[in-house]
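User: I want to check the labels on this model one by one. Please give me the value behind each label, then the conclusion.

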Amino acid sequence: MDKEKLEAKLSELPLYASVYLRPDELEFSQRIRHICQTECPMFDKSWACPPAVGTVEECREKCLSYNRCLMIATITEVSDISNIEETLATRPEHEAVTNRVRDLFRQQGVEPFILSTEACTVCSRCAWLDGLPCRMPGRMHPCVESHGIVLIPTAEKYGLEFQYGQNVVTWFSLLFFNE
């Protein structure tokens, strides 16, 4: 992969940050999965969510099977971050940027494994609910939290602000690949 070419293209995107890291720098925790299980309405309803993604240990092994990871972040402003509907309405913009970065990887012959913000909304009804394989595996990106990843320590390690105040939302994606 030509990193200089990729960096030039990334600079054209509305990214707040992009950081290369080793997957073994990420922290995996069962407590994040517990939050999915107890608080997320998408638990057991999508191929992008637990339990379909596997155990935290299986997710960790998959992520560590790659030797590099590109963490990208976008930020957007909302009138009130506690308004969950308004906040979530900004997610598609981040997903569009994530897909553009995916396409940049693909243009260089690299197929990244992507974790992002979605519980997957590609299909109107997930095939998981019917016991069928995912209909759009190339478009579906499991969410970072579904894999038990605690992202805040990694963001802090690289000097990335996670919270800017009441009106700024920060979205992250991880693109795993092999060099």
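User: Which residues does Ser173 touch, not counting residues up to four places away in sequence?

Analyst: This is a predicted model. In it, Ser173 touches Leu70, Met71, Ile72, His94, Thr98, Leu115 and Ser116, leaving aside residues up to four places away in sequence. Ser173 itself sits in strand 6.

User: Why is Ser173 called buried?

Analyst: Its relative accessible area is 0%. Buried means under 20%. Ser173 therefore counts as buried.

User: What makes the link between the side chains of Ser173 and His94 a polar contact?

Analyst: The distance is 2.7 Å, side chain to side chain. The cut-off is a pair of N or O atoms within 3.5 Å. The pair therefore passes. The side chain of Ser173 also makes a polar contact with the side chain of Thr98, at 2.7 Å. His94 and Thr98 are both among the buried residues of helix 5.

User: Why do Thr170 and Thr76 count as buried?

Analyst: Thr170 has 11% relative accessibility. Thr76 has 18%. The limit is under 20%, so both count as buried. Thr170 lies in strand 6, and Thr76 lies in strand 3.

User: What does Thr76 touch, not counting residues up to four places away in sequence?

Analyst: Thr76 touches Thr90, Glu93, Asn167, Val168, Val169 and Trp171. Val168, Val169 and Trp171 also appear among the buried residues of strand 6.

User: What makes strand 6 mostly covered?

Analyst: The count does: 10 of its 10 residues are buried. Both faces are covered. One side holds Val168, Thr170, Phe172, Leu174 and Phe176. The other holds Val169, Trp171, Ser173, Leu175 and Phe177.

User: How many residues of strand 1 are buried?

Analyst: 4 of its 5 residues are buried, and strand 1 is mostly covered.

User: How do you know that strand 3 and strand 6 pair?

Analyst: They share 10 bridges, in the antiparallel sense. Pairing needs at least two. The two strands therefore pair. One point on this pairing is Cys69, which stands opposite Phe176 in strand 6.

User: Which bridges support the other pairings, strand 1 with strand 3 and strand 4 with strand 6?

Analyst: Strand 1 and strand 3 pair over 5 bridges, antiparallel. Tyr20 stands opposite Leu70 in strand 3, and Ser18 has Ile72 in strand 3 as its bridge partner. Strand 4 and strand 6 are joined by 3 bridges and run antiparallel. Leu115 has Leu174 in strand 6 as its bridge partner. With a threshold of at least two bridges, both counts therefore qualify.

User: What is the strand order in the sheet, and why are strand 1 and strand 4 called edge strands?

Analyst: The 4 strands form an open sheet in the order 1-3-6-4, with antiparallel pairing. Strand 1 and strand 4 each pair on one side only. The twist averages 20 degrees from one strand to the next.

User: What lies across the sheet strands?

Analyst: Helix 1 lies across strand 1 and strand 3, at about 155 degrees to strand 1. Helix 5 lies across strand 3, strand 4 and strand 6, at about 25 degrees to strand 6.

User: How does the reach of helix 5 compare with the expected value, and which residues of helix 5 are buried?

Analyst: Helix 5 covers residues 91-107, 17 in number. From its first C-alpha to its last it reaches 24 Å, close to the 24 Å expected at 1.5 Å a residue. Its buried residues are His94, Glu95, Val97, Thr98, Val101, Arg102, Leu104 and Phe105. They pack against helix 1, strand 3, strand 4 and strand 6. Just after helix 5, Gly109 takes a positive phi of about 80 degrees.

User: How do you know that the buried residues of helix 3 line one face?

Analyst: The buried residues are Val56, Cys59 and Cys63. Seen down the axis of helix 3, they fall within an arc of 60 degrees, so they line one face of the helix. Their cover includes strand 2, helix 2, strand 4, strand 5 and strand 6.

Technical notes:
Residues numbered from 1 in each chain as written. Predicted model: local features only at pLDDT ≥ 70, side-chain atom pairs only at ≥ 80, totals over all residues. Heavy atoms only, no water. Expected span 1.5 Å × (residues − 1). Buried < 20%, exposed > 50% of the residue type's maximum accessible area, 1.4 Å probe, protein only. Contact = heavy atoms within 4.5 Å. Arc of directions from axis to C-beta. Polar contact = N/O pair within 3.5 Å; in protein donor to acceptor, adjacent residues only side chain to side chain. Axes fitted to C-alpha atoms, helices over the stretch in contact; angles between N-to-C directions.
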